[in-house]
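Trainee: I would like to learn how to read a model of this kind feature by feature, with the general idea set out before each case. Could we begin with charges and rings?

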Amino acid sequence: MSLEAAAQVLVGDYSAYADMGDRIEGLVAKQVEAFVPHRSNWLILPWQPPTGPAGFYLFSEDREGQRRGREVISGFLGPNVARLVSSPDDQIEALLPKAWAETGLTKTSLIHRTQHATRADMLTRLEDLVATIAGRPATIEEAHPTHVDLLRDVRLAMLSRDAQAAQRLFDQLVLTGHLSAENLRFLTIELHACFGRWQEMANLPYISVLMQARRPRMVTESMLQMIWWTQIVSHLGLSSVASAFASQNVLSRYGSILRSIEVPSTPEGRILAYLTALADEDSKRQHAIRRAVSSPDEEAGLATLTAPLPVPPPGESEPMPEFAAVRAAFDSGRLKHVVDLFLTQPSPADADFAVQAILDLDGHVDAAKVLTIVREWVADGRLNPGRRLASDITALDHLVSGVTAGWVEWAGRIGAINAWEDAASTLRNQHAGWAPLGSLPAGQVLMVAEGVLGAIGSTNEQQLRASLDVLCRVAAEVVDYPSCAPFTDMVLEFLAIQDNVSAQVRDAYVTLFEAILEAGPSAPTYDAVLTRTTELWERIKARQHVDWALEILDATAGASSPAQGRRDAFGVAVIGYLRSLDRLDLRQRVEIESLATEYGLIALGLEDAASAADTPVWSKLDGTVVGLYSLLSQAVPRFSNRLFALCTPKEIVGNTDTTATRALIHLAERADHLVVDTWHAAHQATDAIDDVRPRSRQVMPQQRGVTGFLRALENSLEA
């Protein structure tokens with residue numbers, strides 16, 4: 001129904017307004033003609049509710065529209081003519097005609113005429129108001145996200161594995177001109193690594209330059225992965241890892257990369273580092289890598305490369321370096337050895353190499369010792385640094401001052417008054433080496449949360465926004481730890497209050513929201529999470545965000561609830577708004593009504609939805625076998641119920657195995673369409689699927705719930 005027709009239903013017969021009927025009709029027509037929806041605009045219309053005072057009401061889609069309308073009305077009418085009285089949302093929405101409720105203009109305030117003004121006076125002023133507002137051209141100022149928001153969204157898109165969005169946002173970021181060529185190269189490396197584009201990374205024209213340049217640790221980690229996948233994996237069928245490492249001359253070609261991180265964070269990187277340590281006869285590094293293994297399988301894999309080496313006795317000293325040994329180690333890329341040799345026998349002639357080595361390593365445990373020695377030499381005149389070495393010493397000073405011991409220190413610094421320009425890069429490059437957040441006492445976790453909250457609204461907030469993807473990833477990892485609830489709650493709150501609530505921010509919010517509910521929160525935490533989600537929904541609710549609301553509802557319905565009444569009230573309120581919207585597609589309407597039953601409501605209109613014009617997309621599944629692999633609780637029956645309401649497949653088969661069972665392999669082979677929920681999966685099972693079915697024939701959801709499964713399936717049918 002059009003806005004004009006809905007307004008007619010709301011206002012009723014204009015003859016009821018006697019001699020003012022024509023003027024009121026003109027007042028309404030002018031506003032309706034100039035109204036632009038979804039822009040926080042507002043209307044002033046006469047209305048006689050079934051119960052309550054009759055008069056002119058201010059209608060808007062959201063609270064921002066109410067605020068804007070109140071400012072204008074107060075300016076034109078003044079306190080002597082009228083005052084505005086807010087109306088409770090839940091009470092008013094129940095009184096509005098259905099046709100008007102479907103417009104979304106359900107926020108209301110009564111324009112209460114005072115005893116000092118007549119009806120004619122008030123109407124005259126309203127006519128002046130409308131003539132002024134309607135006569136102004138409706139200009140829409142296009143808001144461009146800042147480069148900080150774009151960088152945040154690129155990383156959040158990578159976190160949610162949305163390759164298309166990440167590339168699109170990256171291209172926008174390039175056009176802003178705010179990132180240097182070097183930082184764009186680093187971000188390109190991260191982008192390729194996130195989506196496994198190893199050969200594309202190896203083919204970059206500047207990859208050889210980056211191997212010799214100073215780079216962040218994450219870039220080096222990505223390049224180690226590139227070496228593994230492009231130089232080792234393709235030869236594993238014919239030879240062992242050690243043989244491929246030797247036959248491809250990996251050490252001589254990539255020595256500077258292989259020696260730049262003492263203990264890489266990935267299993268593949270650790271294998272390469274271990275082989276390098278064997279070639280260098282670096283027993284300390286070998287034992288450090290062995291201590292860092294993440295699984296018995298990885299430990300066994302390292303053991304096959306060589307026999308266990310004896311632990312070097314404490315206090316064992318290395319032989320004194322020979323002449324030019326530091327220069328030789330530097331030229332061969334053995335940067336850690338450069339530092340060790342320098343500290344064993346410090347010499348001003350080698351200071352340049354030692355400082356460069358630490359900077360190229362992006363930090364070293366003995367960086368402060370080297371800096372102290374070099375500073376003393378500069379102070380007493382034994383070392384006269386040139387321009388480049390002086391710059392490197394300054395960079396080393398900056399690096400040492402930026403080294404952070406752990407989460408508590410980082411949060412304290414970013415939440416302090418002083419600006420910290422390297423807060424985001426420090427977190428990104430160093431947090432993997434800190435004590436895991438889940439292992440900290442509850443008191444320290446609370447200090448971390450309070451420190452981060454202290455950065456909101458401070459000079460360091462931009463650094464905090466640039467770190468949002470890391471915070472989200474860590475929060476998702478610790479949701480099972482009750483002591484970390486303040487941290488996850490803090491991250492959720494920071495997501496909810498973002499000024500620019502982009503698609504990537506909304507997706508990150510859903511991901512963390514689902515993880516928190518799946519972890520089984522306490523009743524107070526559950527209530528706080530739903531309250532915060534309600535507040536965010538009130539800010540963004542609109543037709544274009546229906547899928548986001550469906551994901552939230554789906555996650556809430558699929559998780560156990562410590563407060564069933566609170567859960568149902570939340571769901572009923574959101575579904576009530578979604579039902580009031582028109583022009584929704586078939587899947588959205590089916591999902592709304594399917595979810596309605598899970599919140600104690602009666603499903604409406606599914607029969608009509610099944611014959612909608614957009615059924616041809618889903619009719620492609622008629623007579624086919626649709627498979628779903630997911631370990632998410634109740635995912636298979638909930639997915640099946642909704643899919644059967646959309647189409648008539650021959651069979652819907654679910655699988656929840658955690659290993660490569662015959663049933664799983666058979667499903668992967670025979671399904672016409674197979675949805676693989678990698679968010680809730682076992683590696684052995686997904687590896688088995690990959691062995692018999694290429695990734696190009698798998699539907700990989702980008703969201704974690706049943707709504708995400710259906711969206712991914714719909715996108716694959718439309719492709």
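Mentor: Gladly, and please keep in mind throughout that this is a predicted model. In this structure the charged end of arginine 161 sits over the ring of tryptophan 679, at 4.3 Å from the ring centre. A further case is arginine 413, whose charged end sits over the ring of tryptophan 420, 4.0 Å from its centre.

Trainee: Where in the chain is arginine 161 found, and is arginine 161 buried or partly exposed?

Mentor: Arginine 161 is found in the loop between helix 7 (147-159) and helix 8 (163-176). Its relative accessibility is 39%, so arginine 161 counts as partly exposed.

Trainee: How should I read the backbone angles of such a loop residue?

Mentor: The general idea is that most residues other than glycine have a negative phi. Arginine 161 departs from this, since its phi is positive, about 60 degrees, although the residue is not a glycine. Alanine 18, likewise not a glycine, has a positive phi of about 55 degrees, and its place is in the loop between helix 1 (3-11) and helix 2 (21-34). With a relative accessible area of 58%, alanine 18 is exposed.

Trainee: Turning to aromatic rings, how many aromatic pairs does the count come to, and how is a pair described?

Mentor: A pair of aromatic rings is described by the distance of the centres and the angle of the planes. Here the count comes to 14 aromatic pairs. In one of them, the rings of tryptophan 407 and tryptophan 410 have centres 6.2 Å apart and planes at 85 degrees, and because angles over 60 degrees count as edge-to-face, this pair is assigned to that class. Both residues lie in helix 23 (residues 407-414), 3 residues apart, about one turn of the helix, and both tryptophan 407 and tryptophan 410 are buried.

Trainee: Which helices hold tryptophan 537 and tyrosine 577?

Mentor: Tryptophan 537 and tyrosine 577 form an edge-to-face pair, with 5.8 Å from centre to centre and 80 degrees between the planes. Tryptophan 537 lies in helix 30 (residues 523-540) and tyrosine 577 in helix 32 (residues 564-579), so this pair ties together parts that are 40 residues apart in sequence. Tryptophan 537 counts as buried at 5% relative accessibility, and tyrosine 577 counts as buried at 15%. Both belong to one aromatic cluster, formed by Tyr509, Phe513, Trp537, Trp548 and Tyr577.

Trainee: How would I extend the idea of burial from single residues to a whole element, and what covers the buried residues of helix 14?

Mentor: One counts the buried residues along the element: in helix 14 (residues 250-258), 7 of the 9 residues are buried, so the helix is largely enclosed by the rest of the structure. The buried residues are Val250, Leu251, Tyr254, Gly255, Ser256, Ile257 and Leu258. What covers them includes helix 11 (207-212), helix 12 (217-232), helix 13 (241-247), helix 15 (267-280) and helix 16 (283-291).

Trainee: And how do I read a sheet?

Mentor: Strands of a sheet pair through backbone hydrogen bonds, either parallel or antiparallel. This structure has an open sheet of 4 strands in the order 6-5-7-8, with parallel pairing. Strand 6 (651-655) and strand 8 (698-699) stand at the edges, each with a single partner strand, so one side of each lacks a neighbour in the sheet. Strand 7 (residues 673-676) and strand 8 pair in the parallel sense over 2 bridges, and leucine 674 stands opposite glutamine 698 in strand 8. Helix 39 (residues 706-718) lies across strand 5 (625-629), strand 7 and strand 8, running at about 140 degrees to strand 7.

Trainee: Finally, where in the chain is confidence lowest, and where is it highest?

Mentor: Where pLDDT is low, the predicted coordinates should not be read in detail. The chain averages a pLDDT of 86, and 94% of the residues score at least 70. Confidence is lowest in helix 34 (residues 606-609), at a mean of 50, and highest in strand 5, at 95. Over residues 608-613 the pLDDT is below 50, and this stretch has 9 contacts in the model beyond near neighbours in sequence.

Definitions and conventions:
Residues numbered from 1 in each chain as written. Predicted model: local features only at pLDDT ≥ 70, side-chain atom pairs only at ≥ 80, totals over all residues. Heavy atoms only, no water. Pairing = 2+ DSSP bridges. Contact = heavy atoms within 4.5 Å. Axes fitted to C-alpha atoms, helices over the stretch in contact; angles between N-to-C directions. pLDDT = per-residue confidence, 0-100. Phe/Tyr/Trp six-rings, centres within 6.5 Å; stacked < 30°, edge-to-face > 60°. Buried < 20%, exposed > 50% of the residue type's maximum accessible area, 1.4 Å probe, protein only. Lys NZ or Arg CZ within 6 Å of the ring centre and 35° of its normal.
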